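Visitor: I would like to learn how to read a protein structure. Please take me through some features one at a time.

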Amino acid sequence: MPLTPTDEIVRRARAAGTGVGAFNVLQLEHAEAIVAGAASADRPVILQISENTVRYHGALEPVALASLAIARAAKTPVAVHLDHAENVDLVREAVGLGLGSVMFDASKLPYAENVAATREVVEHCHRHGVWVEAELGEVGGKGGAHTPGVRTDPDEARAFVAATGVDALAVAVGSTHQMLTRDAVLDFDLIARLRAAVDTPLVLHGSSGVPDRDLVAAIAAGMTKVNVSTHLNKAFTLAVRTHLADHPAAVDPRHYLTPARAAVAHEVAHLLTVLAPS
């Protein structure tokens with residue numbers, strides 16, 4: 001099936017009152033597992049490549065082109081998205097490679113500078129038909145770069161969207177990146193007020209720390225795109241550790257990456273059905 005634009009997947013989910021899962025690709029096995037999980041659940045999905053992953057691989061192009069190829073071969077709608085990019089040149093490269101959406105993160109900058117930088121990125125991306133997500137309110141957990149306890153103000157969100165023209169807004173409502181436990185406390189009232197304040201879809205970052213029931217409640221309150229990474233990495237790593245403990249002489253990575261890939265696919269299928277019940 002042809003590559004599906006992110007905006008189409010998000011727009012359909014929002015119209016249906018459901019959520020859409022956006023899962024981070026760290027390597028080829030992640031992309032394969034995420035798409036397999038989406039096929040098992042018969043749900044659309046978004047593959048995300050973060051700037052941290054680009055740094056890990058040393059370049060965007062190899063992991064981006066592999067993800068695009070896997071997306072095009074998928075049996076369900078799949079989009080490919082650049083996640084948490086702070087580098088404008090990386091955004092431009094992603095657009096040139098054919099990614100349908102980007103998340104530009106200037107949330108560490110003062111508000112006026114965030115607006116100016118984001119507006120410039122939006123103008124470039126929209127000229128090329130690329131959908132743009134931005135962040136306001138600083139979602140915590142990125143190595144101390146963000147201030148804990150910050151929340152997105154609805155009035156500021158309304159002004160930010162109007163000033164920048166972004167297509168989606170990641171907001172700070174209580175979740176935190178890289179959580180290893182699923183006990184984040186979300187502010188559902190704030191989510192509802194943000195939903196009322198802006199017309200653009202809302203994005204929940206740090207969703208690995210949010211239990212299933214609260215993911216459902218967050219979508220009911222107004223969230224649409226739900227980002228997950230650490231939760232999948234936990235499943236991946238546990239499967240590798242289990243295989244190596246059971247097979248201490250194993251040396252072929254394919255033997256332990258196969259169960260790791262299956263574990264991620266299982267978690268993706270489960271989460272997609274939580275976010276978008278049939």
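Guide: Start with Arg 12 and Glu 8, which both lie in helix H1 (residues 6-16). They are four residues apart, about one turn of the helix. Helices (H or I, at least four residues) and strands (E, at least two) are DSSP runs, numbered from the N terminus. This is a predicted model, in which local features need pLDDT of at least 70 and side-chain atom pairs count only at pLDDT 80 or more, while totals for chains, interfaces and linings use all residues. Residues are numbered from 1 along each chain as its sequence is written, and side-chain values use heavy atoms, with hydrogens and water left out.

Visitor: What does Arg 12 form with Glu 8?

Guide: Side chains of opposite charge can pair when their charged atoms come close. Arg 12 and Glu 8 form a salt bridge, with the closest N and O atoms 2.8 Å apart. The term requires a side-chain nitrogen of Lys or Arg within 4 Å of a carboxyl oxygen of Asp or Glu.

Visitor: How many salt bridges does a search of the whole structure find?

Guide: The search finds eight. Another one joins Asp 155 to Arg 158, whose closest N and O atoms are 3.0 Å apart. Both residues lie in helix H7 (residues 154-164), three residues apart, again about one turn of the helix. Asp 252 also forms a salt bridge, with Arg 254, at 2.8 Å between the closest N and O atoms.

Visitor: Is Asp 252 buried or exposed?

Guide: Read the relative accessible area: under 20% is buried, over 50% is exposed, and partly exposed lies in between (1.4 Å probe, protein chains only). Asp 252 has 18%, so it is buried, whereas its partner Arg 254 is exposed at 61%. For the pair in H1, Arg 12 is exposed at 55% and Glu 8 is partly exposed at 22%. In H7, Asp 155 is exposed at 51% and Arg 158 is partly exposed at 42%.

Visitor: Which residues cover the two faces of strand E6 (residues 168-171)?

Guide: Read the residues of E6 side by side: Ala 168 and Ala 170 are on one side, Leu 169 and Val 171 on the other, and all are buried, with both faces of the strand covered.

Visitor: How many bridges join strand E5 (residues 131-136) to E6?

Guide: Two strands pair if DSSP finds at least two bridges between them. E5 and E6 run parallel and are joined by four bridges; Glu 135 stands opposite Ala 170 in E6. E6 also pairs with strand E7 (residues 202-204), in the parallel sense, over two bridges. There Leu 169 stands opposite Leu 202 in E7.

Visitor: At what angle do helix H2 (residues 28-41) and helix H11 (residues 253-275) pack?

Guide: Two packed helices are described by the angle between their axes and the distance between the axes. For H2 and H11 the angle is about 45° and the axes are 7 Å apart. The contact (heavy atoms within 4.5 Å) includes Ala 33 and Gly 37 of H2 and Val 264 and Val 268 of H11.

Visitor: Where is the place of His 30?

Guide: His 30 is in helix H2. It is buried, with a relative accessible area of 2%. Leaving aside neighbours within four places in sequence, His 30 is in contact with Asn 24, Val 25, Asn 233 and Phe 236.

Methods: Axes are lines fitted to C-alpha atoms, for helices over the stretch in contact, and angles run from 0 to 180 degrees between N-to-C directions.
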